Amino acid sequence: MSSTLQPSNLALFWAGVIAVAILVYVVLDGFDLGVGILFGFTRDEAQREQMMGSIAPFWDGNETWLVVIGASLYAAFPAVYAVFLGAFYIPVLLLLFGLIFRGVAFEFRLHSHRLRKLWDFGFFAGSTVAAFVQGAAVGAMMRGIPVAERQFDGGSFDWLAPFPLLTGLGLVLGYALLGAAWLVMKAEGPLRELALRRIPWLAGGMLGVLALAFWLTLDHSALARSHLGERPWGLVFPLIGLLALVGVLLGTRRKHDVLPFALTVLFFLSAFMTLGVMYWPYMVPYAITVADAAAAEASLSFLFWGAGLFVLPVIAIYTLAVYWIFRGKTHVGH
Amino acid sequence: MELDPVLLSRIQFAFVVSFHIIFPAFTIGLAAWLATLEGMHLATGRPIYRRVFEFWMKVFAVSFGMGVVTGIVMAFQFGTNWGVLAEKMGSIQGPLLGYEGFTAFMLEATFFGVMLLGRERVSPRFYLFACCMVALGTMFSSFWIMANNSWMQVPVGHAIVDGRVEPTDWWAIVAGAVMLVRWPHMLLGAFLTTGMCIIATGAWYVLRDIHRAEARLMLNWGLGLVAVLIPLQLFVGHLTGDYVHQHQPAKFAAIEARWHSEQPAREVLIAWPDEANERNLFELSVPRLGSFIASGTWDSREVGLTDFAREDRPPVLIPFFAFRIMVGMGLVMLAISWFGCWLRWRGRLERPRWFMWCAFLCFPSGFVAVLSGWFTAEVGRQPWVVYGLLRTRDAVTPSLSGGDVLISLTGYVGVYAVLMTFGMRYIYKLLRRGPAGATPPPPDATARRPMALAGEPE
């Protein structure tokens with residue numbers, strides 16, 4: 001497959017939309033999945049209520065971005081949609097089940113007395129599984145996905161390998177870090193103290209895992225190495241990420257409300273950019289580029305005039321409005 | 001036994017989409033019903049409209065939520081199990097289904113939120129406007145689904161480049177002749193489904209002698225609506241049959257269980273099609289009627305299944321029976337609604353208890369009709385996934401093994417069983433309790449948290 005093909009402007013536009021949607025999804029659903037992960041590590045009922053309360057107005061809107069990603073991929077890059085969902089058949093299944101159980105648990109735990117422990121576990125387990133399979137999918141992608149005739153050409157359990165398991169663990173820790181930083185920002189009292197205590201451990205663990213993954217990738221992949229070699233400026237992103245994490249720790253020591261969360265987001269942004277530098281212009285690393293995968297121009301422009309100019313701004317404005325309405329500390333009990 | 005990933009993927013798709021369609025089929029009509037009630041309340045000022053509105057609003061919220069959850073699963077099915085379809089036909093199906101996803105979520109994000117929570121925060125006129133927008137939005141959502149499916153039935157407006165489709169005429173794709181018949185057919189089906197549920201709910205309260213005023217309102221509106229729409233639906237259904245006759249002759253022959261070409265053609269009313277021996281057992285048929293139904297003349301030649309190679313024929317049993325069940329449900333609706341209207345005109349609608357029982361027991365008729373209609377359309381399209389362009393067996397994700405699909409299918413059955421048990425229990429309890437005074441929704445209820453609105457189940 002030729003990688004010399006130049007992507008059209010519309011293809012670049014939709015690739016940009018998907019990149020932004022992925023980033024927004026990772027940050028937004030990341031913190032609420034992270035709170036779900038941390039939920040499993042406290043037994044205190046008042047703290048659990050507070051944790052749920054801090055994400056209640058947001059989590060469903062956050063998941064909307066997953067649908068934006070899926071719909072845009074199918075519509076604008078059908079080949080990538082087909083290869084990804086084929087390669088990650090089992091992870092996608094687990095992701096959907098995780099998200100369904102987690103969403104349902106949100107309601108049902110309030111209404112049930114006998115089964116409450118079960119729904120609480122469902123909330124924690126659903127969040128953790130969803131985070132883990134996302135990380136594992138990224139890891140499997142970094143290793144390269146075998147493609148033949150624009151279809152996935154491997155087995156459904158290929159992703160279950162040491163490296164993807166490592167990145168899966170990394171993302172669980174990363175989302176938990178985002179969740180803890182979110183709680184520092186939104187909660188008060190003992191829960192906030194607890195979150196502050198957790199942050200250094202989560203940040204340290206995540207940094208260790210990601211550093212190992214980064215090193216393994218450079219060791220394993222000549223192309224990733226050569227891309228970074230051609231684009232040495234790209235090394236600025238891991239550097240920014242490192243500085244952001246130092247900032248997270250400093251902000252945590254000073255018990256700053258916003259700094260840990262804002263800098264964790266910066267860390268995720270720099271990790272995302274690092275991946276971009278290593279893999280651009282591939283959408284499926286080493287197999288399919290943006291230009292290869294793009295749907296017909298007539299499809300991309302059909303999408304642009306409706307979804308691009310109208311729907312996406314509405315979803316963005318709605319998202320901003322919800323976060324603005326529910327800004328500040330969360331107070332439990334209506 | 002070798003597990004076939006194609007067959008299992010088809011079963012899985014049929015399973016998840018059949019569960020999903022139940023909710024949109026119900027909510028499209030409910031949204032319009034709610035807008036009507038709100039409009040009547042604003043016009044007449046009678047508080048009963050408001051009470052009935054608040055009651056159906058809760059049912060709507062839970063159904064909408066279930067539709068959203070089962071819909072997210074649908075967004076991934078085309079890629080996970082039908083990778084070749086997604087890749088080769090993606091330039092047309094991707095934008096159509098993508099727009100459906102965008103439409104549904106934009107709706108949820110905006111006017112549905114106002115409908116759920118905005119009663120106290122916006123003016124009554126704006127609230128009515130929001131109700132109308134939600135009703136239009138659900139119809140618009142179904143527009144994209146029908147555009148996609150109609151294109152799969154009769155592909156138009158495309159060219160094939162390097163083995164993949166490219167759109168050449170979007171207008172023909174979204175507003176072609178086939179689409180303009182099938183979309184109204186689906187919308188009317190959805191309205192009738194909701195209408196029968198409203199009738200059944202009213203009859204249930206009459207039988208239990210509770211909420212009598214509200215029950216009367218539901219019966220009057222429901223029976224009137226179904227009585228008017230059902231003849232229209234029979235007509236549009238006939239037009240839908242015309243497109244099948246014209247574009248998908250093999251499907252038409254399967255629906256009619258016509259094995260050999262005939263002139264003039266019989267109409268098989270009922271039979272047991274014997275696919276192995278290419279004949280019908282226990283057949284009951286009317287001479288010449290088949291020609292009339294198909295072509296409008298009494299002596300036309302009609303094509304039989306044996307005119308097609310075996311590998312080009314659809315299965316016969318499912319389209320044949322599903323079609324008859326759908327038509328049968330239509331006749332049931334016709335009988336209930338017209339007889340009910342006659343009773344109403346005579347002023348003794350709520351008196352014969354046997355009729356109230358019939359009306360009550362007919363609550364699933366719309367769902368059964370919608371599902372069997374879809375089974376006719378989809379199974380009848382086989383062996384093609386996109387008619388004439390791509391065969392179903394060539395469309396499946398090549399990397400999938402039968403075992404993989406067995407895992408996912410088992411998972412979906414298990415998860416949906418849990419989901420449905422709880423969801424249906426909520427809806428049942430809401431319906432059983434019936435209308436009450438208006439209660440304000442909890443402040444943290446949002447579009448994807450409809451259960452919060454439904455309140456305590458106990």
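Start in chain B of this predicted model by selecting the hairpin of β1(B) and β2(B). Two residues lie between its strands, and B:Asp162 takes a positive phi near 55° in this hairpin.

Next, show the backbone of both strands. β1 of chain B covers residues 158-161 and is joined to β2(B) by four bridges; the two strands run antiparallel. To see one pair across the ladder, pick B:His158, which stands opposite B:Pro167 in β2(B).

Now turn on the side chains of β2 of chain B, residues 164-167. They alternate along the strand. B:Val165 and B:Pro167 point to one face and are buried, whereas B:Arg164 and B:Glu166 point to the other face and are not buried. B:Pro167, the partner opposite B:His158, is therefore on the buried face, with 20 or more other C-beta atoms within 10 Å of its own.

Move to chain A and select α1, residues 9-39. This helix of 31 residues reaches 44 Å from its first C-alpha to its last, close to the 45 Å expected at 1.5 Å a residue. Along the way, stop at A:Gly30, where α1(A) bends by about 30°.

Finally, display both chains together. Here 49 residues of chain A are in contact with 49 residues of chain B. On the chain A side, select α3 (59-76), α4 (78-87), α5 (89-111), β2 (151-152) and α13 (297-325), the elements that each give two or more residues to the contact. α5(A) supplies the largest share, 12 residues. Colour this side of chain A by residue class to find 32 nonpolar, 13 polar and four charged residues.

Definitions and conventions. Residues numbered from 1 in each chain as written. Chains lettered and ligands numbered in written order. Predicted model: local features only at pLDDT ≥ 70, side-chain atom pairs only at ≥ 80, totals over all residues. Contact = placed C-beta atoms within 7 Å. Nonpolar A, V, L, I, M, F, W, Y, C, P; charged D, E, K, R; others polar. Expected span 1.5 Å × (residues − 1). Bend = angle between axes of the 7 residues up to and from the residue. Buried ≥ 20, exposed ≤ 12 C-beta atoms within 10 Å, placed from the backbone. Pairing = 2+ DSSP bridges.
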